[in-house]
Amino acid sequence: MGSTFSGLNTAYSALVAQRRALEVTGQNIANVNTPGYTRQRATMESQGAPAVPALHSRYEGAGDGVKVTDIERITDTFLVNRQQAERGKLGAAEERSATLKRIEDVLTEPSDTGIADALDNVFDGLDNVAKGTDNAPRAALLASAGALTDDLNDASASLDADWRNLHGNLTTVVEEVNTAAASISELNLAIRRDVQSGIPANELLDRRDALVLKLSDLVGATAKQRENGMVDVVVGTTALVSGISASKIAVAGTTDPRTAGDGSVQIVTSPGGTAVDVPNGKAGGTLDSLNVLIPKHSARLDAFAQSLADAFNPAHQAGYDAAGAPGKPFFVNGTGIGPVTAGTIRLGLGGPGEVAASAYSGANVDTSNAGKMAKIREQVGGPSANYRELVTDLGVESQTATRRLDTQSDVSQKADSAVLSTSGVDTDEEMTNLLAFQRGYEAAARVMATIDGMLDTLINRTGVGN
Amino acid sequence: MTSMSRITYSQLGQNSLRGIQGNLERLGKSQDQLSTGLAFSRASENPIGTASAMSYRSDMKQYEQYKRNADDGATWLQESDSALGSALDLINRANDLVLQGKSTGSGSGASREALAKEVEQLREGLLNIANTTYLGRPIFGGTTGGSVAFNADGTFAGDANPVTRSVGRGVDVQVNTDGRDAFGGKGGAPDVFKLLQDVAANLRTDPDALGGDLDDLKAVHRNVTDTLADIGARANRIDNMRQAAIDRVLATSNSLNDVIGTDMVESTINLQMQKTAYEAALGTAGKVLQLSLTSFLR
């Protein structure tokens with residue numbers, strides 16, 4: 001038994017502790033729907049007897065009550081790191097799948113209005129020229145061939161426009177990353193101050209974790225714990241945030257879709273210019289689209305345009321047109337320089353009279369050369385087969401990307417779920433805690449009232465009154 | 001806290017939402033399939049199917065073109081056939097006239113003059129037939145740009161280039177006839193126009209030479225019938241190929257539908273099942289999300 005009033009002290013410490021715990025519960029309930037909020041818990045420790053040994057004035061009490069030593073933030077660093085890693089991979093997979101779907105939309109196959117159909121119409125047109133002798137089938141052939149080159153020009157222009165859009169997106173993403181990294185370094189500074197002075201910094205930690213997760217989404221960054229509650233944020237092997245200092249990144253490389261290729265667009269440190277390896281995150285997926293996906297399929301479309309010229313031009317030049325002159329090249333590069341590409345392919349003939357339908361020079365109405373050209377349709381490995389292969393390969397690649405995205409979605413969801421399971425607020429649990437702390441408070445108040453009554457009896461009733 | 005997996009209320013909400021959205025997505029896909037009638041609309045949903053569908057569409061267009069080519073070729077051959085049929089009639093008449101002229105019984109100069117005049121008329125008629133046109137070009141003139149196959153004096157004004165029609169894969173059928181094959185004049189064979197000119201002259205001046213003319217006329221007759229037989233064979237071939245093309249169009253259309261068309265029955269059943277699943281998900285979410293400890297306290 002300690003001093004006379006030590007019991008009151010114990011009861012008082014209990015009131016304070018239960019009230020503090022109630023406030024923490026209230027904080028949790030208030031933030032039940034706040035995204036990124038990590039639930040908190042008041043850690044109570046019982047206060048023991050003074051530890052000084054003595055001979056005569058020994059402490060015989062039962063302990064000194066309870067104290068809230070810490071407001072603990074319930075989080076599992078391992079799960080959070082896993083969540084960051086999976087989010088990074090998810091961001092990249094989403095971007096790749098979306099790009100391939102957009103490329104598919106440019107070609108719109110299978111359908112009866114796409115490039116395959118336009119090519120078939122050209123062959124039909126050649127057959128019709130082979131059957132007729134006046135200008136009408138020739139004019140129709142030129143119209144069909146014009147439609148085909150228009151479709152190809154359109155497709156190529158769309159792919160180029162998409163590339164430019166993605167490049168713009170990448171620049172925006174990089175700016176967001178720089179802003180977030182700067183914020184994280186500021187938060188690191190504030191958190192270090194709080195940790196060193198023993199103030200709980202849970203809300204700051206929550207805000208910082210949300211920013212790190214955003215960086216994971218954008219560039220696949222992960223966090224590494226440091227002293228004093230700070231984190232380093234790393235992308236690949238480059239540290240974006242190192243304690244209280246943050247570095248910036250920028251987009252470097254070509255801005256012309258025609259010169260894009262492997263490694264042509266990069267993310268570099270700014271200033272410094274050293275390349276940063278970004279395989280994950282939205283930026284990683286966008287880099288992949290810019291450097292590999294779009295250039296690859298653009299090149300295949302160009303190759304298809306060249307194959308059209310390779311198949312049609314020699315056959316056309318072997319014939320003679322309506323005036324008896326030898327045929328000109330059927331498909332040409334509109335600019336006149338370089339090989340035929342999907343963006344530059346044009347019809348090389350000026351009018352219906354220049355269709356080299358005849359196989360014999362001089363004045364005649366032979367149309368067998370047109371008939372021969374129509375047979376290019378049946379060529380094994382000819383333009384029709386080439387285009388089908390192009391579409392199928394694109395389809396398979398897109399299908400694979402979609403499957404990977406679905407799988408990664410599931411994995412990412414499970415990782416998110418695991419973090420929520422540990423750190424999320426459950427209203428039922430908080431309600432139960434509320435009850436417990438409320439009763440605890442009431443019981444402590446009861447203790448205080450009882451001791452008060454005892455003291456009252458001792459002080460006011462003992463030896464008073466005769 | 002780690003022995004039992006902890007579920008929070010917000011997780012329950014998110015799980016319900018995910019389930020509902022998944023159901024809605026499947027429902028939407030079934031509805032799409034039923035309303036467009038296409039089993040897939042993107043290459044990535046079925047790459048092999050896309051390749052097949054593109055192949056089939058291409059083939060269908062090709063076979064339709066073969067059929068149109070066959071129709072055109074058949075008309076060419078039809079025109080040639082009826083022209084030569086008429087020519088045969090005229091040649092038979094000429095034969096009769098020569099026989100008449102040969103028999104010295106009808107001996108007067110005036111009657112032989114009448115015969116000669118008729119033979120000249122027959123020659124004109126044959127010249128007209130030989131210059132029959134189809135769509136503005138002489139059918140017996142090859143690929144000449146001129147308007148006649150034979151000049152007024154009986155010389156050939158066309159060329160030897162064939163006119164062919166592609167009616168099947170690797171199958172090209174010649175649909176025109178070289179005028180000289182039918183009416184002679186090739187490689188020393190008797191030329192019917194010169195022959196009739198000679199017959200008219202002989203009728204007037206030298207009836208004894210008509211015997212040789214008769215033999216020549218028989219040779220010309222054989223020429224025409226041979227040509228008619230050849231035309232008939234080619235017309236047959238074109239007809240067969242035309243029918244084959246029609247059959248192929250139908251078969252390919254069926255194959256295309258198998259690959260890319262929705263199975264209506266299967267899709268309707270799927271739609272019903274997904275609708276039920278969606279309703280179940282909504283009902284569950286409604287019941288579960290309403291529970292909370294707060295409604296039971298005091």
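**Exercise 1.** Which residues does B:Ser267 touch, not counting residues up to four places away in sequence? State also where B:Ser267 lies and whether it is buried or exposed.

Solution. The model is predicted.
- Step 1: locate the residue. B:Ser267 belongs to helix 7 of chain B, which covers residues 264–289.
- Step 2: judge the burial. Buried means under 20% relative accessible area. B:Ser267 has 5%, so it is buried.
- Step 3: list the contacts. B:Ser267 touches B:Gln33, B:Leu34 and B:Thr262, with residues up to four places away in sequence left out.
- Step 4: look for a polar contact. The side chains of B:Ser267 and B:Gln33 make one, at 3.4 Å.

**Exercise 2.** Describe the surroundings of A:Ala342.

Solution.
- Step 1: A:Ala342 sits in the loop that runs between strand 10 (331–333) and strand 11 (345–347) of chain A.
- Step 2: its relative accessibility is 0%, so A:Ala342 counts as buried.
- Step 3: neighbours within four places in sequence are set aside. A:Ala342 is then in contact with A:Leu152, A:Asn153, A:Ser156, A:Leu301, A:Asp302 and A:Ala305.
- Step 4: compare sequence with space. A:Ser298 is 44 residues from A:Ala342 in sequence, and their C-alpha atoms are 8.3 Å apart.

**Exercise 3.** Work out the strand order of the open sheet of 3 strands in chain A, and find which strands stand at the edges.

Solution.
- Step 1: the order is 7-8-9, and the pairing is antiparallel.
- Step 2: strand 7 (248–253) and strand 9 (275–276) of chain A each have a single partner strand, so they stand at the edges and one side of each has no neighbour in the sheet.
- Step 3: take the pairs in turn. Strand 7 and strand 8 of chain A are joined by 6 bridges; in this pair, A:Ile249 has A:Thr269 of strand 8 as its bridge partner.
- Step 4: strand 8 (residues 265–270) and strand 9 of chain A pair over 2 bridges. Here A:Ile267 stands opposite A:Val276 of strand 9.
- Step 5: examine the turn. Strands 8 and 9 of chain A form a hairpin with 4 residues between them, and A:Gly272 in the turn has a positive phi of about 125°.

**Exercise 4.** Find what A:Arg96 and A:Asp160 each pair with, and which parts of chain A are linked.

Solution.
- Step 1: a search over all chains finds 41 salt bridges.
- Step 2: one of them joins A:Arg96 to A:Asp288, with the closest N and O atoms 2.5 Å apart. A:Arg96 is in helix 2 (residues 77–107) of chain A and A:Asp288 is in helix 6 (residues 281–317) of chain A, so the pair ties together parts 192 residues apart in sequence.
- Step 3: check exposure. A:Arg96 is partly exposed at 28%, and A:Asp288 is partly exposed at 25%.
- Step 4: the side chains of A:Asp160 and A:Arg258 form a salt bridge at 3.3 Å, N to O. This pair links helix 4 (residues 135–197) of chain A, which holds A:Asp160, with the loop between strand 7 and strand 8 of chain A, which holds A:Arg258; the two residues are 98 residues apart.
- Step 5: A:Asp160 is buried at 12% relative accessible area, whereas A:Arg258 is partly exposed at 39%.

Note on methods. Residues numbered from 1 in each chain as written. Chains lettered and ligands numbered in written order. Predicted model: local features only at pLDDT ≥ 70, side-chain atom pairs only at ≥ 80, totals over all residues. Heavy atoms only, no water. Buried < 20%, exposed > 50% of the residue type's maximum accessible area, 1.4 Å probe, protein only. Polar contact = N/O pair within 3.5 Å; in protein donor to acceptor, adjacent residues only side chain to side chain. Contact = heavy atoms within 4.5 Å. Pairing = 2+ DSSP bridges. Salt bridge = Lys/Arg side-chain N within 4 Å of Asp/Glu carboxyl O.
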